[in-house]
Structure formats: C-alpha cells, structure tokens
Amino acid sequence: MSLEEKAALIADHLREQEYVEVYGHHDADGIAAAAILCHGLYRLGIGFRLRIAGSLPALADDPEQPVILCDMGSGSAGLPDQTIVIDHHTPGFSGTYHLNPNLFGFDGEQVLPASGCAYLIAAALGDNRDLAGLALLGMIGDQQQMEGPNRDIFNEGVGNGVVSPERGLLLPGRTREEQLLLATSPYLAGISGDEEIVRQILAEGGEQESKEALLSAIVFASAEQAAPAAFDRLYGDLYGLQREVIEDGHTLAAVIDGCGKAGMGGLAASLCLRSSGSIAEAWAVTARYRQQVITAIRGREQIGDWSGCYTVPDSALVGDVADALQRDLPSGDMVVVVAAEGASCRLSVRTSPAREIDLGRLLADLAPDYGGTGGGHRHRGGATIRSAAVPGFLEQLTEALV
C-alpha cells in the first residue's frame with residue numbers, strides 16, 4: 001500500500017463517522033495538522049471536537065469513538081488499535097489507521113510532517129486544495145527540506161494560487177525590531193533579547209538600507225558567539241499564504257507555535273481555522289513566550305559534570321532551548337535540556353546529524369525503565385521520566401551515545 005492509498009483508506013474511514021475526537025500536539029506542526037483535518041471534517045458535515053495537548057492523552061479503548069492523534073502517537077505501541085495516528089516520528093504503533101512517512105520509505109525528520117500527512121488525507125476527503133498553505137506550517141516549524149512530498153504539496157499550493165514564494169529575511173515578526181529582538185530560530189547570540197544592540201543595528205540603517213547591509217550588521221553583531229549554522233537560516237525562501245489570517249508563512253508558524261507551547265492551544269488553533277479576531281492577543285502571547293525562551297537560553301545551568309546537559313525553569317521551553325543550543329550555539333554532539341514538572345521531568349535531547357544511532361528509538365526504549373515515555377526522530381527526541389530518575393537516565397543515555 002502506498003502513502004496515498006493509506007491516506008485514502010483513512011479518509012474513507014472518516015467519511016463513515018458522525019463525530020470524531022481530534023487531538024493536536026501543541027506545536028506548529030501538530031496544530032496545523034489537526035486544523036487541516038477539522039476543515040475537511042467540517043466541510044463534510046462530520047462533527048468533531050479539537051483539543052491541543054502537550055503530551056499524549058489517555059485514550060479509552062472504545063471502538064465506537066474515533067480518535068485522531070496529530071503529530072503524536074507513532075511511538076506508542078500500546079494505543080488502541082482503532083486510533084487514527086497522523087505522525088512523522090519514529091513509528092512503533094501498528095494500528096490500521098496509521099499514516100507516517102517513515103513507513104513508506106521517507107525520512108519523517110526531513111520530509112512530510114504531520115501537517116503534510118493531514119493534507120494528503122484532506123485531499124482524499126474532497127476538494128481541500130486551499131489548505132496547502134496550512135500544510136507548509138509543519139514543514140516550516142520542523143525546519144524540513146522542501147523536497148519530495150513536501151515539494152509536491154508546495155507546487156500544488158503555488159499552482160492553485162494559495163502559496164506565493166519569494167526570498168527574504170526568515171525571522172518572524174511584524175517589524176525589524178521584533179524580528180531581531182525575539183529571534184529564537186535561529187537564536188542570534190548577542191542580539192536576541194538585547195534591546196540596546198537591536199537599536200544599534202537598526203540605527204545604523206538596518207530599517208532602511210538594503211538587505212545585504214542588514215544581514216552584514218546581524219552577522220557582525222553575533223559572529224563571536226553564534227555557530228556558523230545559525231546564519232544559514234537568516235535568509236532564504238519565504239512563503240506567502242494567500243488564504244491564511246497571517247500571510248507570511250514563517251510568521252504564522254511562529255505565532256501558532258508560540259501560542260500552543262504557551263498553553264493557549266485554542267487560540268493557536270483558531271488562527272489555523274481562519275478566525276482573525278484574536279491576532280493581537282496571539283502576537284502578545286507569542287512575544288512573551290519567545291522572550292521566555294531567550295531568557296532560559298541565557299540562564300541555563302549545567303547539570304553536574306554532564307557536558308551539554310542543562311536545566312531550565314519551565315518544561316514548555318525545553319524543546320526550543322535544546323534546538324537553539326544544538327543548532328545555533330557552539331556545542332558538542334549532544335544536548336539535553338531538562339525541566340521539572342512536579343514529580344516528573346521533561347527532557348529534550350538533540351544529537352549531531354553525524355551520529356548513526358536512532359535517538360527516537362533509544363529514548364523510547366530507555367524511558368520506561370525510568371517511569372516514563374520517550375520517542376522522537378533520529379536526531380531530535382524527548383522523554384518524560386521521574387524526577388528522581390534523571391541522574392540514572394542521563395548516565396545511561398550518555399553511555400549509549402558515546
């Protein structure tokens with residue numbers, strides 16, 4: 001069975017339903033994927049309830065109640081068989097209704113996020129070509145490659161007039177000042193969060209001069225502290241999303257991601273459902289969240305003698321902090337960011353692309369021994385374990401990665 005055939009199988013199953021529970025992971029990919037499916041269900045008159053969650057919800061084994069999990073669930077072998085899983089992480093679930101690019105010969109870390117998979121299902125549900133822009137949000141949010149199935153969706157969006165490509169500064173924001181001050185992906189060491197430095201850059205002509213002058217000013221201000229890879233993501237392909245409430249794709253992805261991770265998943269989902277009434281609130285939430293990420297990066301504390309292992313104060317921040325440390329600052333080939341969450345701890349782990357080991361599978365195998373769960377991609381993963389078990393977990397993790 002091909003990827004498209006599996007999408008059609010799931011679409012046929014959904015057409016038979018009167019009501020569906022839809023869950024989306026609380027980042028740009030998960031929220032966009034869930035919204036795409038909700039658009040498709042609504043257009044067919046199928047009832048649904050959409051909820052955004054930071055972790056896998058507890059599901060009752062009720063074959064009469066269809067449940068869709070977006071951007072989560074693939075690594076959970078114990079889910080009820082009838083669960084509909086739309087995901088791109090390392091697979092372990094063996095249910096019938098599981099759409100995951102890794103099962104069809106694609107690297108889900110690089111191509112076809114959950115939003116792309118959801119778009120394939122929506123396309124099989126009916127004429128939902130206008131949703132191609134939402135499918136791009138997962139590609140942007142997860143920093144995937146615009147190739148293979150991703151390129152096909154992009155081309156379809158361009159061909160149908162819902163996506164317009166251009167080139168420009170990739171930093172999200174409404175103004176140049178906001179783009180620089182709240183830069184977290186990439187994190188611009190020496191610039192992000194520093195109002196005085198940002199004012200200096202813009203006072204030298206960054207607001208009015210050519211893009212070359214602005215880029216040069218950014219590089220000069222950040223070069224001593226940043227990893228070279230941070231500058232690779234400053235300028236490139238932009239995507240105008242003609243049907244969405246915020247037209248710039250990178251900015252919309254950032255706002256949805258920030259609101260979702262700040263605990264305002266409903267607000268984030270409303271933007272994907274094309275409600276424009278709360279854009280100002282969404283921007284305020286996003287600005288606060290990104291400032292918290294910057295503060296956590298600056299204030300991180302190393303854990304004992306474990307090089308590359310750090311604590312931050314808020315579990316909602318661990319993923320973005322880990323991404324910034326691994327991609328945008330000089331670091332080793334492993335980064336672990338830990339935050340307490342009551343009696344448990346959340347960890348985000350990143351490894352160098354040069355490593356051959358499958359990090360997502362490793363975390364899925366290790367976490368149960370420490371009272372939790374884990375999973376992810378080959379080089380990006382996470383786990384939730386008992387707080388008291390963190391030292392033992394880190395010791396075993398680092399040994400496995402040596």
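In which helix is histidine 39 found? In this predicted model, histidine 39 belongs to helix H2, and this residue makes a convenient entry point to the fold. Histidine 39 has a relative accessible area of 10% and is therefore buried, the cut-off being under 20%. Beyond its neighbours within four places in sequence, its contacts are Leu131, Leu134, Cys272, Leu273 and Arg274. Of these partners, Cys272 is one of the buried residues of helix H11, and Arg274 sits in the loop between H11 and H12. For a sense of distance, the C-alpha atoms of histidine 39 and threonine 286 are separated by 24 Å, with their positions 247 residues apart along the chain.

Seen as a whole, the chain contains 15 helices and 13 strands. A compact globule of 402 residues would have a radius of gyration near 21 Å, and the chain agrees with this because its own value is 21 Å. The C-alpha trace extends about 60 × 50 × 35 Å along its principal axes. Buried residues make up 56% of the 402 in the chain. Among contacts with a separation of 6 or more, 63% link residues that are 24 or more positions apart. The accessible surface amounts to about 16,300 Å², and carbon and sulfur atoms contribute 48% of that area. As for charge, the chain carries 28 positive and 54 negative charges, and the mean positions of the two sets lie 2 Å apart.

Helix H11, already met through Cys272, spans residues 265-272. It is largely enclosed by the rest of the structure, because 7 of its 8 residues are buried. These buried residues are Gly265, Leu267, Ala268, Ala269, Ser270, Leu271 and Cys272. Their cover includes helices H2, H4, H10 and H12 (279-299), together with strand S2 (47-53). The helix that holds histidine 39 is thus met again here, as H2 is among the elements covering H11.

The contribution of H10 can be followed through valine 255, which lies in that helix, residues 249-261. Valine 255 has 0% relative accessibility and so counts as buried. Setting aside residues up to four places away in sequence, valine 255 touches Ile246, Leu271, Ala282, Trp283 and Thr286. Leu271 in this list is one of the buried residues of H11. Another buried residue of H11, leucine 267, has its C-alpha atom 9.9 Å from that of valine 255, the two residues being 12 apart along the chain.

What backbone feature appears just after H11? Arginine 274 takes a positive phi of about 70° there, a positive value in a residue other than glycine. This arginine is in the loop between H11 and H12, and with a relative accessible area of 24% it is partly exposed. Histidine 39, which touches arginine 274, is by contrast buried.

A second positive phi in a residue that is not a glycine occurs at leucine 112, with a value of about 60°. Leucine 112 is located in the loop between S5 and H3. Unlike the partly exposed arginine 274, leucine 112 counts as buried, at 0% relative accessibility. A further backbone feature is the cis peptide bond between serine 185 and proline 186, where omega is about 10°. Proline 186 belongs to the loop between helix H6 (176-181) and helix H7 (195-206).

Helix H3 follows the loop that holds leucine 112. Its 12 residues, 114-125, reach 16 Å from the first C-alpha to the last, close to the 16 Å expected at 1.5 Å a residue. H3 is mostly covered, with 10 of the 12 residues buried. The buried set consists of Ala114, Ser115, Gly116, Cys117, Ala118, Tyr119, Leu120, Ile121, Ala122 and Leu125. Elements from several parts of the chain cover these residues, including helices H1 (3-15), H2 (28-43), H4 (132-141) and H5 (149-159), as well as strands S4 (84-86) and S5 (98-99). H2 and H4 therefore appear in the cover of H3 and also in that of H11.

Helix H13, residues 318-328, is likewise mostly covered, with 10 of its 11 residues buried. The buried residues of H13 include the charged Asp320, Asp323, Arg327 and Asp328. Val318, Gly319, Val321, Ala322, Ala324 and Leu325 are buried in H13 as well.

Conventions:
Residues are numbered from 1 along each chain as its sequence is written. This is a predicted model: local features need pLDDT of at least 70, side-chain atom pairs count only at pLDDT 80 or more; totals for chains, interfaces and linings use all residues. Side-chain values use heavy atoms; hydrogens and water are left out. Helices (H or I, at least four residues) and strands (E, at least two) are DSSP runs, numbered from the N terminus. The radius of gyration is taken over C-alpha atoms; the globule rule is 2.2 Å times the number of residues to the power 0.38. Buried means under 20% relative accessible area, exposed over 50%, partly exposed in between (1.4 Å probe, protein chains only). Contact means heavy atoms within 4.5 Å. Accessible areas come from the Shrake-Rupley method with a 1.4 Å probe; for residues, only the protein chains shown count as cover. The place of a charge is taken as NZ of Lys, CZ of Arg, CG of Asp or CD of Glu. The expected span of a helix is 1.5 Å times one less than its number of residues.
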